[in-house]
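Please read the points below with the sequence and the model open beside you. Each one takes a single topic and gives the meaning of its terms along the way.

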Amino acid sequence: MKTASNQPNQQNQKTPAFLMKGLAGRKTLKGRVTINGAKNAALKAMAAAVLFDKKVRLENVPHTADIDTMSAILEKLGAKITPVRNHVMEIDTTGMTAANSTDIDPVLAGGMRASVVLTGPLLARFGKVSFPAPGGCVIGARPIDLFLEGYKKMGAKVTLENGLYQITAPNGLSGMDNFFHIISVGGTETLMMAATLAKGKTILSNCAKEPEIINVAEWLISCGAKIKGAGTSTIEITGSGRNIGDAGKLLHADQAKPFVTIPDRIEAGSFLLLGALCAKDLVIEKCEPKHMTAVLHLLGDAGVIMEVAADTITLKGNAKPNSQSKSFNISTKEYPGFPTDLQAPAVVFLTQVTGESSILETIFEGRFKYVEDLVQLGANITVTDPREIKVKGPTAFAKPIGDLYAHDIRAGFAIVMAALVANGHFKIHNAHLIDRGYESLEERLTSLGADMRRS
Ligand code: UD1
């Protein structure tokens, strides 16, 4: 029997759901899907808007729920936002003040871990910030010690009172030498942003190398920030030397150089894995295959026939895994390794391939909660360790009518994949979690031939 903890928000009737009819191998998806900008880059650019003395323009921004949450947080802090329209948004933080703009809304921040990246720009500009201590999260504890250690080294004082962190640096931040004892995407981005306004030089070592970090760094550089080495393990930042209270030493937005969000490699990888399961002649457009090497190699070795061009991947040949398809093992890793965000979609693919696979989750503990739903559908999966599972395929997925649950953004997409290959009618609860990372998923899958609607 399912446990209550495995059915997040099931009591909340207000959350949206997807109603789906599985393809059951009788039908295949076909068509073209356009990849949106990377939400994990756009969110960081939104946070970076606080570093600027002028309105900034962001382009190719995906209209996902996380982007709306970040907009709401910034608006509560006093920023003026022109909401995403045709994937363009503008953020004007000139009206933000030290008196009114440093207490991040705890409720909104609780809904999205990425809001912690705002603490760096706010602290650097206003010399203080308050932020709720993150609680347990559906994909693990997700501590913020790396952020706090970094701020302390930059001269800030950190206190925790009634569940709120108060971080203060009334004289501004100072440059520092920091080694990340765990490679962290958010930690790298946040300390990099904070250091752009600090006094002196900051050296960050053992940094994450994700393309989203380069995307944000290149934009900041084009607006006057002095950053070297983004995308490598050592990043060197020479700060502008801001004194808190001074009007100057912020970054200057150049309207001719908007932030242009790179294609979302996780969204592209999700559609690729889904297509490899149940689509024929699926064209994945406006993606960046050079950011997807790990997943492209694994799928190529598994026998999936793909044509890879500069910004397009076309799935050819068989619409689903066949006797020639090979299983593979996965160990999630920092970029350029196999992304943890594609772990769950890849597991659904592996349930349909002949052979045994082992999946090791090295980044987050607690990222296998969706496995129980797959097992209920018919998957043969053994949890050998909180961080490791074994999948034996292929197994047919069937359930005449079933309730399934999105546990987080990516596991939610994986459950949609599972429902698509299955035989049956499904209600996928908590579609709002899927909306956090995938814009209009039901419309895009319907245009490829899926039978799916929102309720
Ligand atoms: C980002 C992505 C997320 C992706 C993850 C790893 C965004 C909005 N999210 O999350 O989709 O799954 O990278 O690629 O960009 N850690 C600490 N202390 C800290 C910070 C992190 O121990 O202070 C640990 C985390 O618990 C985790 C590891 O570091 O085990 C990596 O996490 P991190 O790279 O920071 O993930 P996020 O930036 O939160």
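**Notes on the strands, cores, domains and ligand shell**

1. Strand β6 (residues 128-132) is joined to β8 by 5 bridges, and the two run antiparallel. Helices (H or I, at least four residues) and strands (E, at least two) are DSSP runs numbered from the N terminus, and two strands pair if DSSP finds at least two bridges between them. Within this pairing, Pro132 stands opposite Leu164 in β8. Please keep in mind that this is a predicted model, in which local features need pLDDT of at least 70, side-chain atom pairs count only at pLDDT 80 or more, and totals for chains, interfaces and linings use all residues. Residues are numbered from 1 along each chain as its sequence is written.

2. Strand β7 (residues 157-161) also pairs with β8 in the antiparallel sense, over 5 bridges. Glu161 stands opposite Leu164 in β8, and Leu160 has Tyr165 of β8 as its bridge partner. The hairpin of β7 and β8 has 2 residues between the strands, and in it Asn162 takes a positive phi near 50 degrees.

3. Which residues of β8 point to the buried face? Along this strand (residues 164-168) the side chains alternate, with Tyr165 and Ile167 pointing to one face and buried, while Leu164, Gln166 and Thr168 point to the other and are not. Here a residue is buried if 20 or more other C-beta atoms lie within 10 Å of its own, exposed if 12 or fewer, and partly exposed in between, with C-beta atoms placed from the backbone. By this count β7 is hardly covered, since 0 of its 5 residues are buried, whereas α6 is mostly covered, with 11 of its 11 residues buried, among them Val185, Thr188, Glu189 and Met192.

4. The largest nonpolar core has 75 residues, and those with the most contacts inside it include Ala414, Val416 and Ile428. Helix α12 (residues 409-421) gives the most to this core, with 11 residues. Apart from this core lies another, of 71 residues, among them Ala124, Tyr151, Met192 and Ala195. A nonpolar core is a set of buried Ala, Val, Leu, Ile, Met, Phe, Trp, Tyr and Cys residues joined through C-beta atoms within 7 Å. In soluble globular proteins, nonpolar side chains tend to be buried together.

5. The protein chain is divided into domain 1 (11-36 + 263-454) and domain 2 (39-260), with bounds that come from an automatic or database domain assignment. Their centres, taken over C-alpha atoms, are separated by 31 Å. Across the boundary, 19 residues of domain 1 are in contact with 14 residues of domain 2, where contact requires C-beta atoms, placed from the backbone, to lie within 7 Å.

6. The ligand is surrounded by 21 residues, and the closest are Asn40, Leu146, Ser184, Val185 and Gly186; a residue is near a molecule if its C-beta atom, placed from the backbone, lies within 6 Å of it. At least two residues of this shell come from each of α1 (39-48), α5 (145-153) and α6 (185-195), and at least three come from each of domain 1 and domain 2.

Definitions and conventions. Contact = placed C-beta atoms within 7 Å.
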